[in-house]
Amino acid sequence: MGFAWTGKNVLVTGGASCIASTLVDTLIGRGVHIRAVDNLSSGSLANIKAHLNKQSFQFIEGDLKEGTVCRDAMKDIDIVFHLAADHGGRAYVDRCQSGPAANLLLDGVVFREAAKARVKKVVFASSGCVYPNQIQTDVNEKLYLKEEMVGPPYNADNMYGWAKLMGELTLKAYCKEFGLKGASCRYFIVYGPRAKEDLSIMAMIAKAFIRQDPFEVWGDGEQLRNWTYVQDIVDGTILAAEKIDDGTAINIGTTERLRVIDAVQMITEHFNYKPQIAKKLDMPIGPVNRIADNSLAAKLLGWKPQFTLKEGLKPTIDWYRINKKVEEVKKLIDSGGLLNPQTSRQDKEKISV
Ligand SMILES: NC(=O)c1ccc[n+]([C@@H]2O[C@H](COP(=O)([O-])OP(=O)(O)OC[C@H]3O[C@@H](n4cnc5c(N)ncnc54)[C@H](O)[C@@H]3O)[C@@H](O)[C@H]2O)c1
């Protein structure tokens, strides 16, 4: 018999983000009562507007780093999907350290209040950024990152990766020591409707949408990535809630081995143009070989991605064309929007020392 979602009370933290709002859509379709909490530092109410007047949906605007906000959010909750985070694309991961450091606090408060409220399960949105940097340096190696490669000596990707790693380890400790049930899902770069332009695929779509020529590629474009469609991410996350109890961390990512330049080509083809390529060698590129192994997800969850990048690009670009205006995207790009404009905003606003 399948997992009985109907009537469950679920908290989705960061519920107004791209991934979390897609999770909300999917869970509401399964008869779940949802409480979404978001401080709207990067999330948007537009992403959840379809649910705002529903009986089965409650939205609370608040900062989950605040103990009282978090405590109230946990009341009568069966399952927590913890997706709230200070987060951004590659420029953010490389250049901003205080913002993701706040995730150490955020995750700590969320796990602690969840355990105190005796929620049945916590699923944590982790990241491919937990993998050790030193094993991802050779583009010629046929490397697939397996879950057990994260271990001592740890070497995560900047503060963002370290905070996600600490989140995983904290959740695991709570499972062991307090009997909390939990799972961590390591997402590999996500794209799809509602995703923001500071993440790689969406940045490329934005540039192609305004027909940028020459087309700016960060680095030489040889970096290897696997990009994963948002609905696949959500389906894997829900399966993790159903099937993992002991805090195990699991990759949710495709095994496609694509170069950044391959993605650029696919995207510009969608927009029917062939721009010159301008390699921006001074821009941050991150590890050059980051591809998931997803055999553990297949084994434990029965999960397999349903979308190749080629397949996921179509609904993503369709959404982008309907929802964006060329002039506004031009403005966003000209004003440095692909570098993550809201960098550490929440901390800058609050810390006035
Ligand atoms: N998008 C990706 O490629 C990717 C990859 C790996 C992991 N993740 C993780 O998945 C999760 C969702 O990411 P996303 O890409 O959908 O968008 P996102 O980064 O916009 O999501 C974070 C959400 O949390 C909210 N938030 C931040 N701090 C908060 C706080 N203190 N209290 C309440 N709400 C807060 C933001 O407003 C936003 O809606 C994040 O945890 C992110 O780290 C995303």
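Axes here are lines fitted to C-alpha atoms, for helices over the stretch in contact, and angles run from 0 to 180 degrees between N-to-C directions. Everything in these views comes from a predicted model.

**View 1. Helix 7 lies across four strands.** Here we look at helix 7, residues 230-243. The strands it crosses are strand 4, strand 5 (121-127), strand 6 (181-187) and strand 11. Against strand 6, helix 7 runs at about 160°.

**View 2. Seven parallel strands make up an open sheet.** Reading across, the strand order is 3-2-1-4-5-6-11. Strand 3 (57-61) and strand 11 (246-252) are the edge strands; each has a single partner, so one side of each has no neighbour in the sheet. On average, and with direction ignored, neighbouring strands are turned by 15° against each other.

**View 3. Strand 1 pairs with strand 4 and with strand 2.** Strands in a sheet pair through backbone hydrogen bonds, in either a parallel or an antiparallel way. Strand 1 covers residues 9-13 and runs parallel to strand 4, residues 79-82, with four bridges joining the two. Zoom in and you'll find valine 12 opposite phenylalanine 81 of strand 4. Towards strand 2, strand 1 is again parallel, this time with five bridges. One pair to pick out there is valine 10 with its bridge partner isoleucine 34. Strand 2 is largely enclosed by the rest of the structure, because five of its six residues are buried.

**View 4. A shell of 28 residues sits around the ligand.** The nearest are Gly14, Ser17, Gly43, Ala85 and His87. By type, the shell splits into 16 nonpolar, eight polar and four charged residues. Helix 1 (18-28), strand 2 (33-38) and strand 5 each put in at least two residues. Helix 1 has the largest share, with three.

**View 5. Helix 4 leads on to a residue with positive phi.** How well does the span of helix 4 agree with its 19 residues? At 1.5 Å a residue, helix 4 should span 27 Å, and its end C-alpha atoms are 28 Å apart, which agrees. Buried residues of helix 4 include Gly99, Ala102, Asn103, Leu106, Val110 and Phe111. As a reminder, an α-helix has 3.6 residues a turn, so residues three or four places apart point the same way. After helix 4 comes arginine 118, with phi near 55°.

**View 6. Two arginines have positive phi without being glycine: arginine 118 and arginine 194.** Which of them is buried, and which is exposed? Arginine 118 is in the loop between helix 4 (98-116) and strand 5. There are 11 other C-beta atoms within 10 Å of arginine 118, so it counts as exposed, the limit being 12 or fewer. Arginine 194 has phi near 80° and lies in the loop between strand 7 (190-191) and helix 6. With 22 C-beta neighbours inside 10 Å, arginine 194 is buried, as the cut-off is 20 or more.

**View 7. Cis peptide bonds lead into proline 153 and proline 214.** Between proline 152 and proline 153 the peptide bond is cis, and omega is near -5°. Proline 153 is in the loop between strand 5 and helix 5 (158-178). Aspartate 213 and proline 214 are also joined by a cis peptide bond, with omega about 5°. Look for proline 214 in the loop between helix 6 (200-209) and strand 8 (215-218).

Key: Residues are numbered from 1 along each chain as its sequence is written. This is a predicted model: local features need pLDDT of at least 70, side-chain atom pairs count only at pLDDT 80 or more; totals for chains, interfaces and linings use all residues. Two strands pair if DSSP finds at least two bridges between them. Two residues are in contact if their C-beta atoms, placed from the backbone, lie within 7 Å. A residue is near a molecule or strand if its C-beta atom, placed from the backbone, lies within 6 Å of it. Ala, Val, Leu, Ile, Met, Phe, Trp, Tyr, Cys and Pro count as nonpolar, Asp, Glu, Lys and Arg as charged, and the others, Gly among them, as polar. The expected span of a helix is 1.5 Å times one less than its number of residues.
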